[in-house]
Amino acid sequence: MNLIVLGAPGSGKGTQAVKIKEKFGLPHISTGDILRGEVAAGTELGLEAKKIMESGQLVSDEIVLKMVSNRLAQDDCKKGWILDGFPRTRPQAEGLQAMLAEVGSEVSLGVLIQVKADQVVERLSSRRTCRDCGKIFAGADLQVAGDEIPAEGECPKCGGVYYQRGDDRETTIRERLEVYENQTRPVLDFYNDLDKVVEIDGSQQMDVVTDAVLSILKDRFEDRIQ
Ligand code: ADP
Ligand code: ZN
């Protein structure tokens, strides 16, 4: 079962990908997380990627394809995987297709989480991410006094520190949405043409969305549930 989770920044695709991972026991591969890991570790790739990410632009197809190809070659990916944040351009989708064809494999399904642009801006600007455990929090989850959510604070899950991602500031958010419309829309067409996309209404509460996602996957991949 090889899944890709599709949707705009702030659609909740990362959160849903983790739920799928928990239900089906497959590795969750987020290219954004891998890149942020490189930035945190201060690697050469990280140094290069940092500026691009903070401006809301995309890291080059070549780099990202290499990253994904290395990751999918690891042992834990043999039974399947969940890709999150990739493919994000048509060349990435074509590259993935070619890479999989070489080993006689293919994408099983793309799960598209649909949300409207104004909802996305609001969600992203109040979103916080834990530096330590990686959990993503909606502003409402943090139960802070007053309307302003602090840029940093204590993670309710692990006691570590949550922070506001550099690319979750309002100016960068608009840029990312534009990049999504221009560069990632064609990826939807690519998988729609292959008849591999199911759409989920992502404007509902997170757990309602999760129920919808898992029920669709259960119907199709019943035998894979752990
Ligand atoms: P979101 O989906 O909320 O935008 P991600 O964590 O998926 O967040 O991505 C954050 C940033 O990392 C992107 O804006 C981009 O700069 C970079 N990135 C992640 N995945 C890719 C990719 N597949 N191709 C190019 N750049 C990527
Ligand atoms: Zn944490």
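# A tour from the zinc site to the helix contacts

Begin by selecting C155, which counts as buried because its relative accessibility is 1%, and keep in mind throughout that this is a predicted model. Next, add C133 to the selection; this cysteine counts as partly exposed, since its relative accessibility is 31%. The two cysteines bring together distant parts of the chain, with C133 in the loop between β5 (128-130) and β6 (136-137) and C155 in the loop between β7 (153-154) and β8 (161-163), 22 residues apart.

Now show the zinc ion (ligand 2) together with its protein donors, which are the SG atoms of C130, C133, C155 and C158, at 2.3 to 2.4 Å from the ion. Along the chain, these donors follow the spacing C-x2-C-x21-C-x2-C. If you display the angles that the four donor atoms subtend around the zinc ion (ligand 2), you will find values of 107 to 112°, and the arrangement is therefore tetrahedral. For reference, the ideal angle for four tetrahedral donors at a metal is 109.5 degrees.

From C130, move to V64, which lies 66 residues away along the chain and whose C-alpha atom is separated from that of C130 by 23 Å. V64 is found in helix α4, and it is buried, with a relative accessible area of 5%. Which residues are in contact with V64, once its neighbours within four places in sequence are left aside? Select T31, V59, F86 and Q92 to see them.

T31 leads to the next stop, the contact of α2 with α4, where T31, I34 and L35 in α2 meet V64, M67 and V68 in α4. The residues of this contact divide into five nonpolar, one polar and no charged. With helix α2 (residues 31-41) and helix α4 (residues 61-72) drawn as cartoons, look at their axes, which come within 11 Å and cross at roughly 100°; that angle makes α2 roughly perpendicular to α4.

Return to F86, another of the contacts of V64, and select P87 with it: a cis peptide bond joins F86 and P87, with omega at about -5°. P87 is found in the loop between β3 (81-84) and α5 (90-102). As a general point, most peptide bonds are trans.

Continue into α5 and display α7 beside it, where the axes of the two helices are 7 Å apart and the packing angle is about 40°, so that α5 and α7 are oblique to each other. To see the side of α5 that takes part, select R90, A93, E94, L96 and Q97, which meet Q183, P186, V187, F190 and Y191 in α7. The residues of this second helix contact divide into six nonpolar, two polar and two charged.

Following the chain out of α7 (170-193), select D195, which is found in the loop between that helix and β9 (197-201). D195 has a positive phi of about 60° although it is not a glycine, and at 70% relative accessibility it counts as exposed.

For the last stop, select Q143, whose place is in the loop between β6 and β7. Q143 likewise is not a glycine and has a positive phi, here of about 45°; because its relative accessibility is 73%, it counts as exposed. In general, most residues other than glycine have a negative phi.

Key. Residues numbered from 1 in each chain as written. Chains lettered and ligands numbered in written order. Predicted model: local features only at pLDDT ≥ 70, side-chain atom pairs only at ≥ 80, totals over all residues. Heavy atoms only, no water. Donors = N, O, S within 2.8 Å, 3.2 Å for Na, K, Ca; no water. Tetrahedral: all angles 85-135°; square planar, octahedral: opposite > 155°, others 65-115°. Helix = DSSP H or I, 4+ residues; strand = E, 2+ residues; numbered from the N terminus. Buried < 20%, exposed > 50% of the residue type's maximum accessible area, 1.4 Å probe, protein only. Axes fitted to C-alpha atoms, helices over the stretch in contact; angles between N-to-C directions. Parallel < 35°, antiparallel > 145°, perpendicular 65-115°, else oblique. Contact = heavy atoms within 4.5 Å. Nonpolar A, V, L, I, M, F, W, Y, C, P; charged D, E, K, R; others polar.
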